[in-house]
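Visitor: I am new to this structure and would like a close look at a single part of it. Please choose one spot, take me through it slowly, and then show me what surrounds it.

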Amino acid sequence: MAKSIRSKWKRKCRAFKRIRYGAKELERLKKTLGIDEKGTQEVEMTEISKIATVVDAETIKESAKTNENTEAQGTDTMEVDSGVKRVYNKRTMRDQYGNYPIWMSKRSIAKHKKGRAKSRKGTTRPQKRLTRKQKKQRNKSEVKTTSDN
């Protein structure tokens, strides 16, 4: 099925596109880097040292060790408080402020809210209107309690 005439033609066209776009991409890359066709550079690469510094791994490890030593000696460093850590309830999936976690999608939040409403519905009694018969029974029971006192 992959060797139909149409797929062969499409494959051939894609090969031409690859060649054409590859040349354009190479030209654009050379232009951004500042390299001419002759091989000369318009921008000197020594300016990069002003922007960034190159440090090898050994110097980083040594500086980390010296930082640990200064902390162990008792020099105080300023602690940055990133705010109160949020504590999430596993059942409700909400934190102490009633907010859902940021990774939770809107759809799953709506699903949790719907489930919460269902669980509350079973525990609370709905407020229905009383029928005439229920009102009479209530009034009779109120009259009996007042007469007993």
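**A charged pair and its surroundings**

Guide: Let us start with Arg86, which is partly exposed, with a relative accessible area of 40%. Please keep in mind as we go that this is a predicted model. The side chain of Arg86 meets the side chain of Asp95 in a salt bridge, with 2.4 Å from N to O. Side chains of opposite charge can pair when their charged atoms come close. In this model, the count of salt bridges comes to one.

Now turn to the partner. Is Asp95 buried or exposed? Asp95 counts as buried because its relative accessibility is 7%, and the cut-off for buried is under 20%. Arg86, at 40%, is partly exposed, because that value falls between the limits of 20% and 50%. So the pair joins a buried Asp95 to a partly exposed Arg86.

Where does Asp95 sit along the chain? Its place is in the loop between helix 3 and helix 4. Setting aside the neighbours within four places in sequence, Asp95 touches Arg86, Val87 and Tyr88. The salt-bridge partner, Arg86, is thus one of the residues in contact with Asp95.

Met93 is in this loop too, between helix 3 (57-73) and helix 4 (106-123). Although Met93 is not a glycine, it has a positive phi of about 65°.

Let us step back to the protein chain as a whole. It has five helices and zero strands, so from the N terminus on its elements read α-α-α-α-α. Of the 149 residues in the chain, 5% are buried, and Asp95 is one of the buried residues. Among contacts with a separation of 6 or more, residues 24 or more positions apart account for 0%. The chain exposes about 15,500 Å², and carbon and sulfur atoms supply 55% of that area.

For a contrast with the charged pair, look at a nonpolar patch on the surface, formed by Leu26, Leu29, Leu33 and Ile35. Together these residues have about 330 Å² of accessible area. Leu29, a member of this patch, lies in helix 1 (residues 5-33). With a relative accessible area of 47%, Leu29 is partly exposed.

One more charged side chain deserves a glance: Arg20 lies over the face of Tyr21, at 5.1 Å from the ring centre. As for rings paired with other rings, the count of aromatic pairs comes to zero.

To return to where we began, the side chains of Arg86 and Asp95 meet in a salt bridge, with Asp95 in the loop between helix 3 and helix 4.

Conventions:
Residues are numbered from 1 along each chain as its sequence is written. This is a predicted model: local features need pLDDT of at least 70, side-chain atom pairs count only at pLDDT 80 or more; totals for chains, interfaces and linings use all residues. Side-chain values use heavy atoms; hydrogens and water are left out. Rings of Phe, Tyr and Trp (its six-membered ring) pair if their centres lie within 6.5 Å; planes under 30 degrees apart count as stacked, over 60 as edge-to-face and the rest as tilted. A charge sits over a ring if NZ of Lys or CZ of Arg is within 6 Å of the ring centre and within 35 degrees of the ring normal. Patches are made of residues with over 30% relative accessible area and no salt bridge: like charges are joined within 9 Å, nonpolar side chains (Val, Leu, Ile, Met, Phe, Trp, Tyr) within 5 Å. Accessible areas come from the Shrake-Rupley method with a 1.4 Å probe; for residues, only the protein chains shown count as cover. A salt bridge is a side-chain nitrogen of Lys or Arg within 4 Å of a carboxyl oxygen of Asp or Glu. Helices (H or I, at least four residues) and strands (E, at least two) are DSSP runs, numbered from the N terminus. Buried means under 20% relative accessible area, exposed over 50%, partly exposed in between (1.4 Å probe, protein chains only). Contact means heavy atoms within 4.5 Å.
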